[in-house]
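User: I'm new to this structure and would like a close look at a single part: the place where the two domains meet. Could you walk me through that?

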Amino acid sequence: MIDDLPPLREVVARHGLMASKALGQNFLFDLNLTARIARAAGPLEGATVIEIGPGPGGLTRALLAEGAGRVIAVERDSRCIPALREIEARYPGRLVIVEGDALALDPAELARLHGLGGPARICANLPYNIATELLARWIEAEPWPSVFDRYVLMFQREVAERIVATPAQRADYGRLAVLCGWRTRSRILFDLSPSAFTPPPKVTSSVVELIPNASPLPCDPKLLSQVTRAAFGQRRKMLRQSLKSLPKPGLDVPALLARAGIEETRRAEEIDIGGFVALAQALAVLS
Ligand code: SAM
């Protein structure tokens, strides 16, 4: 028992919250598990936590019970709002419910608008169908470092491995690993088996922690995103070929590689984060 609110199964039944596949709804009902995730984002005293996709509020309740000063919860499914209002009433002034699409909202702006001004974090069991898109946007956001001092996020295990990968893990190393490795230090904290969720997803999930680097190597995130997209889009090809797909008409690809100090015959998965930053810096000069 982390609070005196009704069990989540009862909340879901009372509000008729049949899980929607289209909204990536796999709910956590075990409040011990949600407490474990909330603690991974702690200490929470005085902190503002943005939660994307609170659903019926299992993690929301854990974050509040673990002492979060304020939780700003963004939920797209209007059916969940009455259940969240019950949590809001239990924790007056500490839960801000935002009904909307997380892809259309800037979490840093939400923290500025509704936050307490102290440390701010993002903690969420993300809808799997938009999880990587959300993470990439948050990592590419300007200015950096953002207002967030930590991200504690649940992904499918396979996505978590792609976030923390280094060039040594060739199959997993790609655009997501470069973006995340450039601006954060990331690690997998623990796994959750499919049976932890209702309905159970097909695969294991992992909680990932990302801590922002205060001063990552300087480069334009948009250009880094473009070079990684082009390079890993044809990952088996040599860079002199794959980088021709950059959206820069007339770009001299051999000159770009020379400027970045990278051999033309290299492939994307052989290039470390410093190499991709050098490519993005060279692209800024040549395009
Ligand atoms: N946090 C809850 C839990 O752990 O039980 C629910 C997690 S469930 C994996 C993902 C949640 O994200 C759902 O409640 C879903 O309605 C919500 N969601 C899906 N797409 C969304 C979007 N674009 N913006 C905000 N929330 C979204």
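Analyst: Here is a walk through the domain boundary, followed by a few features elsewhere in the chain.

A quick word on the ground rules: this is a predicted model, where local features need pLDDT of at least 70, side-chain atom pairs count only at pLDDT 80 or more, and totals for chains, interfaces and linings use all residues. Residues are numbered from 1 along each chain as its sequence is written, and side-chain values use heavy atoms, with hydrogens and water left out.

The chain splits into domain 1 (8-212) and domain 2 (221-286), with bounds that come from an automatic or database domain assignment. Taken over C-alpha atoms, the centres of the two are 32 Å apart.

Now to where they touch. On the domain 1 side 14 residues make contact, and they meet 15 residues of domain 2; contact here means heavy atoms within 4.5 Å. The size of an interface is often given as the accessible area lost when the parts come together. For domain 1 and domain 2 that comes to about 1200 Å², with 65% of it on carbon and sulfur atoms (accessible area with a 1.4 Å probe, summed over both parts). Within domain 1, the residues that lose the most area to domain 2 are Arg170, Tyr173 and Arg175, together 46% of what that side buries.

What about polar links? Five residue pairs are in polar contact across the interface, both residues at pLDDT 80 or more. That term means a pair of N or O atoms within 3.5 Å; within protein, one must be able to donate a hydrogen and the other to accept it, and residues adjacent in sequence count only if both atoms are side-chain atoms. Salt bridges between domain 1 and domain 2 number zero, going by a side-chain nitrogen of Lys or Arg within 4 Å of a carboxyl oxygen of Asp or Glu.

Helix α8 (residues 175-183) gives the most to the domain 1 side of this interface, with seven residues. Helices here are DSSP runs (H or I, at least four residues), as are strands (E, at least two), numbered from the N terminus.

Elsewhere, salt bridges do turn up: the whole structure has 18. One of them joins the side chains of Glu88 and Arg85 at 3.1 Å, N to O, and both residues sit in helix α4 (residues 81-90), three residues apart, about one turn of the helix.

Finally, look at the loop between α6 (131-140) and β6 (148-156), which holds Pro143. The peptide bond from Glu142 to Pro143 is cis, with omega near -5 degrees. Pro145 lies in the loop between α6 and β6 too, and the bond joining Trp144 to Pro145 is cis, with omega about -5 degrees.

Key
Buried area = accessible area lost by both parts, 1.4 Å probe.
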